[in-house]
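Hi everyone, thanks for making time. I'd like to walk you through one protein today, so have a look at the screen.

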Amino acid sequence: MAAVEGLPSQDFLIQKEIQKKQESKKNSTELTINDFYKLMAAQLQYQDMNNPADTSEMMATMIQSQMIQAITNMSYTNTTSYAASLVGKQVTIAEVDMDGKYTGDKKGVISGVVLGDNPLVIMDGKSYSLSQIVAVGEVPEKDDASNNDNNNDNEQKPDEQQPDNK
């Protein structure tokens, strides 16, 4: 794949995404399933023998944490699939400035996707967040939509009877 002038290479974007993941793991305040297992092992190791831990409560907590992890994985898979499905489709993207303020819409065809925790779509050689997509496919302009509503008023409704012209 040829590099687009003025944009970082795909290898650079991939390396940047890997670096983000590693930094987020370092800075994360969330507990992973491994952290949970370590806490559970410490609780079992240092429990009071006269008042042992309730194993059914621990199992319920472990199952809940695994369910949350499964839902998180499903969400990631859905987002990744959605981003990949946009390749070759016409979209309308809300462009924003460096401060995140809306600057206008841009229409074009998605030419690629950069996968990761927050997938990016590539349109006209520029990357955009999925949250910037405001429409997929051909969407009529506001004026066209109001004209179509007026034209539909002149069409005959199915429950009206037509005069017999024999």
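Let's start with M59, which sits in helix α3, the stretch covering residues 55–85. Keep in mind that this is a predicted model.

So, is M59 buried, exposed or something in between? Its relative accessible area is 43%, and since partly exposed means between 20% and 50%, that's the class it falls into. M59 also has company: together with I63 and M67, M59 makes a nonpolar patch on the surface. The three of them add up to about 290 Å² of accessible area.

Next, find Y37 over in helix α2, residues 33–45. Y37 is partly exposed too, with 31% relative accessibility. What does Y37 touch, if we skip residues up to four places away in sequence? The answer is M62 and Q66. Take the Y37 and M62 pair: they're 25 residues apart along the sequence, and their C-alpha atoms are 8.4 Å apart in space.

Now for Q132, in the loop between β4 (126–129) and β5 (133–136). Q132 has a relative accessibility of 15%, and because the cut-off for buried is under 20%, we call it buried. Setting aside neighbours within four places in sequence, Q132 is in contact with T92, I93, A94, E95 and V96.

Finally, how confident is the prediction? The average pLDDT for the protein is 76, and 67% of the residues reach at least 70. Strand β3, residues 120–123, has the highest confidence, at 92, while helix α4, residues 142–154, has the lowest, with a mean of 54. Where pLDDT is low, don't read the predicted coordinates in detail.

Conventions
Residues numbered from 1 in each chain as written. Predicted model: local features only at pLDDT ≥ 70, side-chain atom pairs only at ≥ 80, totals over all residues. Heavy atoms only, no water. Patch = residues over 30% accessible without salt bridge, like charges linked within 9 Å, V, L, I, M, F, W, Y side chains within 5 Å. Areas by Shrake-Rupley, 256 points an atom, 1.4 Å probe, with all protein chains shown as cover. Salt bridge = Lys/Arg side-chain N within 4 Å of Asp/Glu carboxyl O. Helix = DSSP H or I, 4+ residues; strand = E, 2+ residues; numbered from the N terminus. Buried < 20%, exposed > 50% of the residue type's maximum accessible area, 1.4 Å probe, protein only. pLDDT = per-residue confidence, 0-100. Contact = heavy atoms within 4.5 Å.
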